Amino acid sequence: MLRTLLTSALRGVCRVPPVAPLVQQTQRACFGQLMTIQKQPSLLSAHTLAPASLQLLQCPALGTPGTPPVRSVTKFSLIKGKRKTVKAVLKRFKRLDWGAWIRTHSGRQKKLFKKSNALRRRLRQHVFTNASQSWLLDKMVTDYWRRPKHYIDDPYAPYHKRDEYFATKSKPFKV
């Protein structure tokens, strides 16, 4: 008898309330705020009623819609606390010595039977990233990957120099 009383008491204390009533309470609270705002027409003009109705969607417990995703480095080492490289960047992109990043076309190997020969040739070529993408990729890798790398028989060797542009022009060696 005592055991059944204890187990029933523990079940009542340890019972977790379902999430749905909590969401419904939050929706009711936001809807109640909306109704109190709309009951006071002297505070709101006719053209401000539409944004007030959006407060139901922007209730803090429900989250704000339309917030852009944040793409920043969130990985840190547990021992030293240093930032870590995002490995997907190293798989998909190659950094040239002068700071630009290149990539291949997406979908270049899919449904080749549908594509013309000219399109297949274009898809085999590489594409440069723009300045904002390069800046973002530089933030996603560590200093080690930003330094120039020297490989034997590097197929990208002719592209590592950019002498036609003044900012990346290599200085001539004077004897």
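Val141 is in contact with Thr85, Val89, Leu90, Trp101 and Arg146, leaving aside its neighbours within four places in sequence. The model is predicted. Val141 also belongs to the largest nonpolar core, a set of 5 residues. Its partners there are Val89, Trp101, Leu137 and Met140.

**Core**
- Val89 and Trp101 appear twice: as contacts of Val141 and as members of the largest nonpolar core.
- Trp101 is buried, because its relative accessibility is 1% and the cut-off for buried is under 20%.
- In soluble globular proteins, nonpolar side chains tend to be buried together.

**Helix 6**
- Helix 6 spans residues 131-140.
- Which residues of helix 6 are buried? They are Ser134, Leu137, Asp138 and Met140.
- These residues sit on the same side of helix 6, because they cover an arc of only 160° around the axis.
- Leu137 and Met140 from this buried set are also part of the largest nonpolar core.
- The cover over the buried residues includes helix 4 (87-92), strand 1, strand 2 and helix 7.
- Exposed residues Ala131 and Trp135 are carried on the face turned away from the buried side.

**Asp138**
- Asp138 lies in helix 6.
- Is Asp138 buried or exposed? Asp138 counts as buried, because its relative accessible area is 17% and the limit is under 20%.
- Not counting residues up to four places away in sequence, Asp138 touches Arg95, Gly99, Trp101 and Arg146.
- Trp101 and Arg146 are shared partners: Asp138 touches both, and Val141 is in contact with both.

**Aromatic pairs**
- How many aromatic pairs are there? The count comes to 4.
- One of them joins Phe93 and Trp101, with ring centres 6.5 Å apart. Their planes stand at 85°, so this pair is edge-to-face.
- Phe93 is partly exposed, at 24% relative accessibility, whereas Trp101 is buried at 1%.
- Trp98 and Phe128 form a tilted pair, 5.9 Å centre to centre and with 55° between the planes.
- That tilted pair links distant parts of the chain, 30 residues apart. Trp98 is in the loop between strand 1 (94-95) and strand 2, and Phe128 is in strand 3 (residues 126-128).
- Both rings belong to partly exposed residues: Trp98 has a relative accessible area of 23%, and Phe128 has 48% relative accessibility.

**Charges over rings**
- The charged end of Lys149 sits over the Tyr144 ring, 4.1 Å from its centre.
- Arg162 lies over the face of Tyr165, at 4.7 Å from the ring centre.

**Positive phi**
- Most residues other than glycine have a negative phi.
- Lys111 has a positive phi, near 50°, and is not a glycine. Lys111 is found in the loop between strand 2 (101-104) and helix 5 (117-124).
- Asp153, also not a glycine, has a positive phi of about 50°. Asp153 is placed in the segment after helix 7 (143-146).
- Asp153 is exposed, because its relative accessible area is 73% and the threshold for exposed is over 50%.

**Segment after helix 7**
- Ala167 lies in the segment after helix 7.
- Ala167 counts as exposed, at 54% relative accessibility.
- How many residues separate Ala167 and Trp98 in sequence? They are 69 residues apart in sequence, yet 9.2 Å apart in space, C-alpha to C-alpha.

How values were computed
Residues are numbered from 1 along each chain as its sequence is written. This is a predicted model: local features need pLDDT of at least 70, side-chain atom pairs count only at pLDDT 80 or more; totals for chains, interfaces and linings use all residues. Side-chain values use heavy atoms; hydrogens and water are left out. A nonpolar core is a set of buried Ala, Val, Leu, Ile, Met, Phe, Trp, Tyr and Cys residues joined through side-chain atoms within 4.5 Å. Buried means under 20% relative accessible area, exposed over 50%, partly exposed in between (1.4 Å probe, protein chains only). Contact means heavy atoms within 4.5 Å. Helices (H or I, at least four residues) and strands (E, at least two) are DSSP runs, numbered from the N terminus. Rings of Phe, Tyr and Trp (its six-membered ring) pair if their centres lie within 6.5 Å; planes under 30 degrees apart count as stacked, over 60 as edge-to-face and the rest as tilted. A charge sits over a ring if NZ of Lys or CZ of Arg is within 6 Å of the ring centre and within 35 degrees of the ring normal. The arc is that of the directions from the helix axis to the C-beta atoms.
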